[in-house]
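Got your viewer open? Load the model below and we'll take a walk through it, one selection at a time.

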Amino acid sequence: MQIPIIFLTGRSDVEDEKKGLELGAVDYITKPISPSIVLARVKNHLAMKVMADVLRDQNNLLEVEVAKRTGELLIAKEEAEEKKQLAENSLAEIRKLQEQLEAERAYLQEEIKLEYNYTKIIGQSDALKYVLYKVQQIASSDTTVLILGETGTGKELIARAVHDLSLRNKRTLVKVNCAALPANLIESELFGHEKGAFTGSLSRHQGRFEVADGGTFFLDEIGELPLDLQGKLLRVLQDGEFERLGSTRTIKVDTRIIAATNRNLEEEVSKGRFREDLWYRLNVFPITSPPLRDRRDDIPLLVDFYVRKIAKRMGKTIDIIPVLTMDALQQYHWPGNVRELENVLERAVINSSGPKLRLIDELKKTPKDFSPSSKTLAAMEHDYILEVLEHTQWKISGKNSAAEILGLDRSTLRARMSKLNIQKT
């Protein structure tokens, strides 16, 4: 505790007064001394001492409070920064989901435009019932499904049925037709690309695998996938990982794969055109879509469905299908399967001016010795396309052309002709 010191002296010297104050005195009184003055000065200095002590204590308390508040502000700042980071992470996640939803919306808009937008599989034959039994067996799991069958047998409908019965049915079934995309675009379509990844890539593009995250991805005509991309697809099947074109950032997706093909993949493996390890990864649970000739009992149901659908679209009413017409439809071997049946019926509806269906195509009866297993799928496809081309006198596109009959785009048909070495002689 500091005590105020007052010098009492008989010398009245400025230098002495200065020295005393420098030594710590608070006052300097020269003789003769007046007791009342001394007492007053002592009281004043004691009062000033008390005030100084109070100010010091208040200052100490203030410093403690400032330190406390500073600590609280630092903690609040750290919490605010953490909340800001969480908000930024949440915003980034929301933007990612918005991008995915936008991609899904754009994809679904394209799907709506497709001609073949069926809502159910039509038929009651034993062959079809077995397929639906297999679908119910596998739908609820995440197992990879491989759908085999000829062109036009409804492999996509089976894929949609698997998806609709699965736990992923709240999300989109995303599909890619590997035969319909040019080889130089299919990688970008599957895996996406960054801006500037190649000439013409003016912005970042999400691939179909990203759009299908959390849902189902249907790879149609998987046998047409270029060999150099099969390894990248294998990695997605094994690890759920890939990189966009032009990027080194690994993207993880949770996607169920359903693949379909009209090719004999085992034969493609033996010829070196399909990776054996990818074949084993895909062939976990195969489902074979039966050709229409093996489910003839379903033809009346299919005819009724398509005639009503086509007639409604054309503003016609056709409710009579002659017995001879139905017999001809059931006895034909349908190398183009359901797709060919729909095309034949569309031409028949166009040709019908009244309530009775009139066929315009001459459908030849199936030879008794016809054996559907005597040729490979590729050979059957080659022969059927060639048959249709000869029927249309090699008219590839336009009305009543081979592309229209086959239900294919002109570019897809030309690609199939090139691959199967079909040339006009």
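Which backbone oxygen lies 3.4 Å from a polar atom of the side chain of Ser 352? Select Ser 352 and look: the oxygen belongs to Lys 356. A second backbone oxygen, that of Ala 348, sits 2.7 Å from the Ser 352 side chain. Polar contacts here are N or O pairs within 3.5 Å; within protein, one atom must be able to donate a hydrogen and the other to accept it, and residues adjacent in sequence count only if both atoms are side-chain atoms.

Before moving on, some housekeeping. This is a predicted model, so local features need pLDDT of at least 70 and side-chain atom pairs pLDDT 80 or more, while totals for chains, interfaces and linings use all residues. Numbering starts from 1 along each chain as its sequence is written, and side-chain values use heavy atoms, with hydrogens and water left out.

**Stay on Ser 352.** It is in the loop between helix 12 (337-351) and helix 13 (377-391). Helices are DSSP runs of H or I with at least four residues, strands are runs of E with at least two, and both are numbered from the N terminus. Ser 352 counts as buried because its relative accessibility is 1%; buried means under 20% relative accessible area, exposed over 50%, and partly exposed in between, with a 1.4 Å probe and protein chains only. Show what Ser 352 touches: setting aside residues up to four places away in sequence, you get Lys 316, Ile 318, Leu 357 and Arg 358. Contact means heavy atoms within 4.5 Å.

**Next, select Thr 261.** You'll find Thr 261 in strand 10 (residues 256-261). With a relative accessible area of 0%, Thr 261 is buried. Its side chain reaches the backbone nitrogen of Arg 263 at 3.0 Å. Beyond its neighbours within four places in sequence, Thr 261 has contacts that include Leu 146, Gly 149, Lys 155 and Glu 221.

**Now hunt for the cavity.** Here, a cavity is a set of points on a 1 Å grid over the protein atoms alone where a 1.4 Å probe fits but cannot get out, and lining residues have an atom within 4 Å of a point. Points are joined across faces, edges and corners, and a volume is the space filled by probe spheres set on them. There is one cavity of 30 Å³ or more, and the largest has a volume of about 60 Å³. To light up its lining, select Lys 96, Gln 100, Gln 206, Glu 210, Asp 213, Ile 251, Lys 252 and Val 253. Helix 2 (35-112) and strand 9 (250-252) each supply at least two of the lining residues.

**Head for the exposed spots.** Asp 126, in helix 3 (residues 126-138), is exposed at 66% relative accessible area. Draw a C-alpha distance from Asp 126 to Asp 297: the two are 171 residues apart along the chain but separated by 9.1 Å. Then check the backbone of Gln 393, which has a positive phi of about 55° although it is not a glycine. Gln 393 lies in the loop between helix 13 and helix 14 (402-406) and is exposed at 69% relative accessibility.

**Finally, zoom out.** Colour by secondary structure and you have 15 helices and eleven strands in the protein chain. Of its 425 residues, 39% are buried.

How values were computed: On a 1 Å grid over the protein atoms alone, a cavity is a set of points where a 1.4 Å probe fits but cannot get out, and a pocket is an open set with protein on both sides within 12 Å along at least five of seven lines; lining residues have an atom within 4 Å of a point.
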